[in-house]
Amino acid sequence: MNICVIGTGYVGLVSGTCFSDTGNQVTCVDLDQRKVDMLKNGEIPIYEPGLKELVEKNVKAGRLTFTTNLTDGMKEAEVIFVAVGTPPKENGEADLQYIEAVASQIGEQLNDYKVIVTKSTVPVGTGQKIKDIIKSKTNVEFDVASNPEFLREGSAIYDTQNMERAVIGVESKKAEELLTKLHEPFQTEVVVTNIETAEMIKYASNAFLATKISFINEIANICEQVNADVTEVARGMGLDSRIGSKFLQAGIGYGGSCFPKDTRAIIKIAEQVGYDFKVVRNVEEVNNDQRYRMVEKLKQALGSLEGKKIAVIGLAFKPNTDDMRDAPSIDIIREIKKLGGEVVAFDPVASDNAKKVIEGLVTAADIYDTISEADAVLILTEWKEVQQIDLAKVKKVVKEPIIIDGRNVFSLDAMEQYGFYYDSIGRKTVD
Ligand code: NAD
């Protein structure tokens, strides 16, 4: 099949590449000349394990090309995927300006029947909006569809190639057939429904996962007061198949480009139809508070943060990504600095992006340089480099043996054995 993917970000580039890998002819279009030039030169603008190799393979096979020219990109395509950003507006609503611009452009360029599929996460009703925009520009026949994306950054290729389901929102048999055929190689369960339901499935899924995270974080906060251990609570809960063990790791709260924005957006979607989505409003509040608990833990260990060197290990909102959008580290570092602390940070891949969003951020190239002479070490991302750290060496190079761990990386026994003051999430403090 001939496919055009508009937007070569985390979603567009990964799905375009995976669709080419199953034998389709894919053209990825982006208006960012720098990104397209990089991709044409075999460079990948984002960090995502396995992506470089897969792009290379399919470019070599002549199935995957990149362009900034939408007219060329969509000319031969039967299916056009729209995967541009839908960032939050100031008030929490999803900003549809990129989607609407793309819909206009498609309408102006449409030369024969195509299915225009929204992969971006968009508020319920956007599919119909896209249809109206395209219709206002052309008399050529077309269908719109929704095919929300569920990949996780950091394992995006794996998630796409092993997708647990594909959701297809359609209003014609033709669109259903094309999209079902496209998903056949992935041997996955295909949920065919109407466009509004497909759009809602995406928001409901993310809001539910965010709820699980805030729920276990609140349990953790209670555990700290009652001598219970949240990691064991989560294990005991997770073995119940009605609950499941995933998304029950207590920590510093969710971040990234999806959960914060999608929870805010679904609250707005509900608001616009006169419904108060109480559960998710509280999920958001709990999540924001959780970030600042890390600073409270630092204060508890150090007293004042004034003039103290805090070594922050991990900046990305989770391991294996360089995405800094809405990473909890941003708020946490700003707060530490506001209280007079000096921050030196380390992240294996996200440091450059972090410097763009955290003003005056100082980073070091190596964990041990970062923690050297530190008054406290603050772990914010459970990178494998952190899990493999040499604790004896840590003890030697820090000024004070204080670790505040927002990811529960270490066992309490190990911390006791090495003689650290160790405050983690939902477990007893070792001191
Ligand atoms: P991104 O910001 O990484 O990429 C968007 C790309 O679209 C950019 O490269 C931008 O230059 C390009 N673009 C914008 N307007 C364009 C236009 N008119 N023509 C061509 N290209 C244009 O975004 P992302 O993280 O890939 O997310 C895309 C969508 O997918 C969002 O709606 C997001 O909510 C959703 N989503 C993201 C993830 C994720 O993990 N990142 C997962 C599931 C769903």
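Domain bounds here come from an automatic or database domain assignment. The model is predicted.

**Exercise 1. The two domains**

Work out into which domains the protein chain is divided, how far apart their C-alpha centres lie, and how many residues each gives to the contact.

Solution. Start with the bounds: domain 1 covers 2-193 and domain 2 covers 208-423. Next, take the C-alpha centres of domain 1 and domain 2, which are 33 Å apart. The contact involves 14 residues of domain 1 and 15 residues of domain 2. Finally, sort the side of domain 1 that touches domain 2: eight residues are nonpolar, four polar and two charged.

**Exercise 2. The nonpolar cores**

Find which residues touch the most other members of the largest nonpolar core, and which helix gives the most to this core.

Solution. The largest nonpolar core has 74 residues, and I6, I80 and V82 touch the most other members. Helix α9 (residues 195-226) is the top contributor, with ten residues. Domain 1 and domain 2 each supply at least three residues to this core. Now take I6 and set aside its neighbours within four places in sequence: its contacts are G12, V29, L70, I80, F81, V82, A83, V84 and V102. A second core, separate from this one, has 45 residues, among them V295, L298, A327 and I336. As background, nonpolar side chains in soluble globular proteins tend to be buried together.

**Exercise 3. A83**

Decide whether A83 is buried or exposed, and list what it touches beyond four places in sequence.

Solution. Locate A83 in the loop between β4 (79-82) and α5. A83 has 27 other C-beta atoms within 10 Å. The cut-off for buried is 20 or more, so A83 is buried. Leaving out residues up to four places away in sequence, A83 touches V5, I6, G7, G9, V11, G12, S15, K119 and S120. For a distance check, Q128 is 45 residues from A83 along the chain, and their C-alpha atoms are separated by 17 Å.

**Exercise 4. The ligand shell**

Identify which residues come nearest to the ligand and how the shell divides by residue type.

Solution. The shell has 26 residues, of which G7, G9, V11, S120 and T121 come nearest. Helices α1 (10-21) and α5 (97-109) are the elements that give two or more residues to this shell. By type, the shell holds twelve nonpolar, nine polar and five charged residues.

**Exercise 5. C258**

Establish where C258 lies and whether C258 is buried or exposed.

Solution. An unreviewed UniProt entry lists C258 under "active site". In the model, C258 lies in the loop between α10 (230-238) and α11 (259-272). C258 is buried because 25 other C-beta atoms lie within 10 Å.

Methods: Residues are numbered from 1 along each chain as its sequence is written. This is a predicted model: local features need pLDDT of at least 70, side-chain atom pairs count only at pLDDT 80 or more; totals for chains, interfaces and linings use all residues. A nonpolar core is a set of buried Ala, Val, Leu, Ile, Met, Phe, Trp, Tyr and Cys residues joined through C-beta atoms within 7 Å. A residue is buried if 20 or more other C-beta atoms lie within 10 Å of its own, exposed if 12 or fewer, and partly exposed in between; C-beta atoms are placed from the backbone. Helices (H or I, at least four residues) and strands (E, at least two) are DSSP runs, numbered from the N terminus. Two residues are in contact if their C-beta atoms, placed from the backbone, lie within 7 Å. A residue is near a molecule or strand if its C-beta atom, placed from the backbone, lies within 6 Å of it. Ala, Val, Leu, Ile, Met, Phe, Trp, Tyr, Cys and Pro count as nonpolar, Asp, Glu, Lys and Arg as charged, and the others, Gly among them, as polar. UniProt positions are given in the numbering used here, feature names are shortened, and annotations may be inferred rather than shown by experiment.
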